[in-house]
Structures are given as structure tokens and as C-alpha cells.
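Q: Could you zoom in on one part of this model for me and talk me through it in one go? I'd like to know how the pieces there pair up, and then what lines the main pocket.

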Amino acid sequence: MKPVAIFRHSPTEGPGYFATYLEAHAIDWNLVRVDAGETLPASVEAFSGLAFMGGPMSVNDDLPWIRAALHLIRAAADAGVPVLGHCLGAQLMSKALGGAVGPSPHKEIGWARVDVADSELARAWFGDTRSFVAFHWHGETFSIPPGAACVASSPHCHNQAFVMDRHLGLQCHVEMTAEMVRAWCDSGRQELARCASPTVQAAREIEAQLPSRISVLNGVAARLYEHWIGGLKR
């Protein structure tokens, strides 16, 4: 099978548990370090799937690589190559596929509940999970692109996940590891300090009960990734 291309947009926002999952299932992956100036591939022909990770920027920013990323996502959709988006990655997917991205009514940082839709499509991806506690770090949100369906929501951000054919976009972060959570709390200390909101948690609250929270999150992620790799182009 061709490798999965993983696009990193920030040094601390790598593939995390997603890479661990791929390696456990003997699926090769290539990391494209967009944050280090690496060029996005011109086509999807060399890859079985594309995965876009998070980042602190907006998809509406005037950055040189964003147009290339949107083009690549559209090309993947046309070619039947599965795309997976985490946070910024899902926002890129939404914009590329005809949706829109803008400020969220509430900035979400920390651990909070996500509810899975009561639909056959949602059950195909999430299995028997009806709700789970996810990790969040976002100030923007996406609309559901034409032809896609919302499969998960939260009290403060309605569109937490969408599915279109074999493509999955997630506003929440299911790829987290304990090391990533600690690194984000450290690098985002100033942002946490200046955000006085019920939907933004302090670092000590975010890092509490971390092993058990990560274990549960890994389980949810594994179910999603299992369904996603089933659609990889061979």
C-alpha cells in the first residue's frame, strides 16, 4: 500500500496517537513539515490517504501553503483518496469542499464532552460510543460542507465532526498524547492566562487525570482511525 501523507503545521502539533495507530497496523506514513517550509506534493498519486493536523493559524490567513492544501484536498476527494482532518485540518477540509470557517461563539480549550449523532452514519464511525470527553483547543469553527453530514456536536460548538464519503473532519483533537497535552499547556501558557471563560480551562485542570483521559481518548480515536484506514486507496 502507498503511504499516508501527514501534514504538520506547527512543531508541537504532530500526528501523535495517529502515527502510533498507523505503525501498529503496519501502514507507512510520510510527514510533511509545512511549518519547516517543506513543499506540499503537487498530486495525491503517491499516497493512499491524506491527514492534516492542527495549528495555531486560520485557514483564512494569507499563507503561501494554504491554497496548495485546499487544492490537494479537492484533488483527493475527486480521486477517492481518503482525507482526515484534526482541528485546523478539518477546517481546511471544510473550506476546500465548499464550507466556510469563522470565529466560534466560544473558544474551547481543555477537556469537554462531545456527543455523537444518533444516525447510522455516525455509528459506522464511532461504533457504540454515544458521547466522550475530547480534548479541545480552538477559537474558530467550520460549517458542514455540501454533501457531508455532521456526526458529532458539543454544547459550545455544534459542528465537532463531519463525514463525507470516506473523509472525516474533526474539530476536536482525538490524536493527543500526554506529552502533547503538556507541551501545548506550556507553549500556550499566555493564551490560557488571558482567556477568562468557562470554556477555557487552566493548565492544572487540563493536566489533571491525564493518563486516564488519554486512555479513553485513544480508544475513541482507534475506532475512528480503524474505519478511516478501511477506505485507504490501494
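A: Two strands count as paired if DSSP finds at least two bridges between them, and strands themselves are DSSP runs of E with at least two residues, numbered from the N terminus. Keep in mind that this is a predicted model. With that settled, start at the hairpin: S7 connects to S8 through two residues. S7 covers residues 149-154, while S8 takes in residues 157-164. The two pair in the antiparallel sense, with four bridges between them. For a concrete contact, look at Ala152, whose bridge partner in S8 is Ala161.

S7 has another partner, too: strand S5, residues 101-116, is joined to S7 by two bridges, and that pair also runs antiparallel. Here you can pick out Asp115, which has Ser153 of S7 as its bridge partner.

Now for the pocket. The largest pocket has a volume of about 390 Å³. Its lining is made up of 19 residues, and those nearest the centre are Glu13, Gly55, Pro56, Trp137 and Glu191. By class, the lining splits into six nonpolar, nine polar and four charged residues. As for where they come from, strand S6 (131-142), helix H3 (88-96) and helix H5 (178-187) each put in at least two. S6 gives the largest share, at four residues.

How values were computed. Residues numbered from 1 in each chain as written. Predicted model: local features only at pLDDT ≥ 70, side-chain atom pairs only at ≥ 80, totals over all residues. Heavy atoms only, no water. 1 Å grid on protein atoms, 1.4 Å probe; cavity = no way out; pocket = protein on both sides within 12 Å on 5 of 7 lines; lining within 4 Å. Points joined across faces, edges and corners; volume = space filled by probe spheres on them. Nonpolar A, V, L, I, M, F, W, Y, C, P; charged D, E, K, R; others polar.
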